[in-house]
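Dear colleague,

Please find below the structure that I am handing over to you. My notes on what was found in it follow directly after.

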Amino acid sequence: MRLALFADIHANRQAFAACLDAARARGAERLICLGDIVGYGADPEWAVDTVMDLVGKGAVAVRGNHDNAIGVPSDSMNADAQAAIDWTRGRLSAEQKAFLAGLPILREEDNRLYVHSEASDPAKWRYIRDTSDAARSMMATELQITFCGHIHRPGLYSMSSTAKMTSFVPTSGMPVQLLTGRRWLAVLGSVGQPRDGDPAASFAMFDTTSREITYHRVPYDVATAAARIKANGLPLWLADRLPLGR
Amino acid sequence: MQPGAELDGFTIGERVHRGGMATLWTVTHPGINVPLLMKVPLTSEGEDPAAIVSFEMEQMILPRLSGPHVPACFGTGDFERQAYVVMERIPGQTLYKQIDKLPLPYDEVRVICGKVAAALASLHRQNVIHHDIKPSSVMFRERGEAVLIDFGLSHHQHLPDLLQEEFRLPYGTAPYMAPERLLGVRDDPRSDLFSLGVLLYFFTTGVRPFGESETLRGMRRRLWRDPHPPRELRPDYPLWLQEIVLRCLEIDPVARYPTAAQLAFDLGHPEQVKLTARAQRLKRDPLSTVWRRRFNLGAAPPQPKSDVAVQLASSPIVAVALDLGEETEALNETIRVTAEQVLSTSPSARLACVNVLKLNRLAIDRSHDEQGQNKHVDRLVALQHWARPFRLAEGRLTVHVLEAIDPAAAILEFAAVNLVDHIIIGARQNSMRRALLGSVSAQVAGEAPCTVTVVRPSRLTPATDAGDAAADAAPPPPALF
């Protein structure tokens with residue numbers, strides 16, 4: 001089965017719509033949303049409705065820290081993120097808020113784990129920055145492959161049977177076979193707010209038969225997404241960073 | 001695993017090899033009619049963990065490779081059941097078989113290593129660095145192409161490098177390992193050129209340039225100590241060959257050939273190798289130089305991470321096909337401007353200026369008489385004269401007069417044999433001649449294995465007929481194909 005995986009949509013309608021189209025064009029049969037549907041971007045209602053609709057049709061979604069902060073105010077967010085969360089809270093209906101609050105913090109499926117941040121203590125929202133962060137997460141699960149997001153930069157880690165780690169920055173469009181002899185942690189880039197210097201939206205496809213993961217970059221209408229952030233009075237940096245991919 | 005057993009449709013034949021890392025079995029498959037080998041890693045307790053990791057690398061990389069310079073891959077099996085890779089069985093022996101006959105004649109080694117360099121060029125273009133070039137990694141097809149085998153230590157630019165963090169010590173074959181590998185660098189394709197330089201040196205002198213030490217301490221000496229120049233060992237060693245060998249063995253990768261294709265080019269044209277001080281050297285560097293290198297090891301600024309594709313793209317072989325007949329000055333001037341633009345963006349490009357001396361179908365031996373010989377030399381001089389304004393650094397320019405009946409075919413063959421990346425060629429202006437002779441540039445553009453730029457001068461002569469008007473009214477040159 002072909003999975004399409006999306007992380008950190010962040011209420012960016014233009015980016016998420018472009019990624020959904022790209023995933024469908026590549027034959028996606030099952031959609032996985034790895035959290036942070038809202039926050040930062042100007043279209044939270046559309047983003048939540050879209051994911052709710054997909055989940056109703058069999059997609060999987062887990063909760064991110066921004067989704068969580070709608071219901072449970074966070075004291076660790078920076079000012080821009082906090083301002084966006086406060087604005088978003090006022091835009092969402094009770095049903096939409098309940099949907100976000102009800103999302104599981106992690107999901108297991110066959111030999112795969114889906115989580116927003118990492119597996120060792122998912123509610124602490126720690127980042128996977130390097131091989132030691134990746135190792136801690138991988139030690140916490142028996143499953144062969146973990147998919148996560150949160151850091152907005154794509155990365156692919158593996159752990160051999162002797163617990164040796166490797167790290168790799170995936171190349172867009174190049175399939176990588178996740179060999180069965182080792183365990184893997186696939187960190188997705190961000191759909192709605194990439195921070196690796198490339199403004200194009202990021203998602204990945206995973207084929208459960210061939211075990212190949214392919215990261216993709218999708219160009220989208222950045223100008224409109226940024227203009228909507230400004231038009232809604234959100235912090236300007238949240239708009240300015242989109243064309244920079246930072 | 002035993003003879004007669006079946007695995008994923010492959011029937012196991014006999015075991016043909018048992019090495020330290022893997023065993024090789026012949027296998028057959030009803031749907032495949034080339035000889036096949038199944039490589040099975042040694043994975044039991046007590047085996048070298050490197051066996052598993054390098055097998056994983058081969059399992060990832062081999063199915064991605066294509067072309068005549070690698071064994072075709074027909075299937076892989078994973079560790080959950082039985083790990084294996086099935087590949088085409090290349091008949092014959094590896095170069096290792098030659099080791100008792102060393103040194104081999106210079107020209108024989110030149111031809112062998114030229115083929116290996118062409119194979120490396122193909123591999124590097126596929127974003128893979130072999131990292132274990134040595135005699136036992138090289139075989140040959142019956143048609144002559146070199147085939148590289150054993151990708152267990154290789155690095156693929158677009159795949160995770162499972163060896164990068166696996167071992168604290170660099171893994172590979174000590175006598176052939178490039179110095180930068182000892183510093184943990186695994187992403188520079190010029191490491192393979194160093195290994196091929198070791199092979200060149202060994203096969204022409206019978207001596208390994210850095211000995212056979214397997215200890216890290218012994219291996220590290222090559223970070224500061226240069227090898228004995230081959231001419232110190234064999235006084236009759238050709239200057240051009242020493243130039244090539246010592247350039248491959250430069251400690252700093254930047255001082256080596258920028259690409260395997262450029263190394264193959266020099267091996268293919270020994271008479272045009274630009275000789276530098278390297279060629280004349282009879283002794284190793286003085287101790288003061290060696291000490292300076294040794295005690296300033298950490299002083300060199302860290303090199304930015306290299307990108308195989310970017311490096312290859314910045315070092316193309318550009319061939320300019322020039323017509324030297326009458327009324328070609330304007331066109332050749334426009335070609336020079338175009339070539340300058342191409343070279344200015346490619347700091348390590350090399351330029352091959354090509355002219356075809358057209359042979360008469362009826363009097364093929366004309367070129368061998370005195371008049372023909374003069375004509376050949378005149379053309380070489382004219383090509384050098386045309387290229388002079390580029391002021392290209394030593395070794396970046398070569399000139400070639402090809403003698404052929406069919407100019408387009410000659411240019412195409414030159415491009416294929418010399419791994420040319422980009423052909424620049426002028427379009428014939430005189431419609432009468434084009435009508436009579438056909439368009440060389442159109443045939444080259446249509447059939448070339450690489451990028452072709454067809455150049456026309458900006459001031460066009462008025463069209464003489466309707467058919468040509470359409471062709472000549474095309475947007476101003478140069479037209480890119």
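I begin with strand 15 (residues 451–455) of chain B: 4 of its 5 residues are buried, so the strand is largely enclosed by the rest of the structure. Here a residue is buried if 20 or more other C-beta atoms lie within 10 Å of its own, exposed if 12 or fewer, and partly exposed in between, with C-beta atoms placed from the backbone. Helices (H or I, at least four residues) and strands (E, at least two) are DSSP runs, numbered from the N terminus.

Please note that this is a predicted model, in which local features need pLDDT of at least 70 and side-chain atom pairs count only at pLDDT 80 or more, while totals for chains, interfaces and linings use all residues. Residues are numbered from 1 along each chain as its sequence is written, and chains are lettered from A and ligands numbered from 1 in the order in which they are written.

Strand 15 of chain B runs parallel to strand 14 (residues 422–426) of chain B, and 5 bridges join the two; strands pair if DSSP finds at least two bridges between them. Within this pairing, Gly426(B) is opposite Val455(B) of strand 15.

A comparable description applies to strand 12 (residues 350–358) of chain B, which is largely enclosed by the rest of the structure because 7 of its 9 residues are buried. Its pairing with strand 11 (residues 317–321) of chain B is parallel and extends over 5 bridges. Ala321(B) has Val354(B) in strand 12 as its bridge partner.

Turning to chain B as a whole, there are 16 helices and 16 strands. Of its 481 residues, 39% are buried. Among contacts in chain B with a separation of 6 or more, 70% come from residues 24 or more positions apart; two residues are in contact if their C-beta atoms, placed from the backbone, lie within 7 Å.

In the N-terminal part of the numbering, chain B has an open sheet of 6 strands in the order 1-2-3-4-6-5, with antiparallel pairing. Strand 1 (6–7) and strand 5 (73–77) of chain B are the edge strands; each has a single partner strand, so one side of each is left without a neighbour in the sheet. Helix 1 (residues 49–61) of chain B packs on this sheet, where it touches strand 3, strand 4 (32–41), strand 5 and strand 6 (84–88), and its direction makes about 150° with that of strand 4. Axes are lines fitted to C-alpha atoms, for helices over the stretch in contact, and angles run from 0 to 180 degrees between N-to-C directions. Strand 2 (residues 10–18) and strand 3 (residues 22–29) of chain B are joined by 5 bridges and run antiparallel, and Thr11(B) has Thr28(B) in strand 3 as its bridge partner.

Glu6(B) belongs to strand 1 of chain B. This residue, Glu6(B), counts as exposed because it has 10 C-beta neighbours inside 10 Å. Its C-alpha atom is separated by 49 Å from that of Ala409(B), which lies 403 residues away along the chain.

Among the helices of chain B, helix 2 (residues 106–125) is mostly covered, with 15 of its 20 residues buried. Asn127(B), just after helix 2, takes a positive phi of about 65°.

Helix 13 (residues 407–417) and helix 15 (residues 440–447) of chain B pack at an angle of about 35°, and their axes are 9 Å apart. In this contact, Pro407(B), Ala408(B), Ile411(B) and Leu412(B) of helix 13 meet Val440(B), Gln443(B), Val444(B) and Glu447(B) of helix 15. These residues divide into 6 nonpolar, 1 polar and 1 charged, where Ala, Val, Leu, Ile, Met, Phe, Trp, Tyr, Cys and Pro count as nonpolar, Asp, Glu, Lys and Arg as charged, and the others, Gly among them, as polar.

Finally, between the chains, 17 residues of chain B are in contact with 15 residues of chain A. The side of chain B that touches chain A has 8 nonpolar, 3 polar and 6 charged residues.

With kind regards
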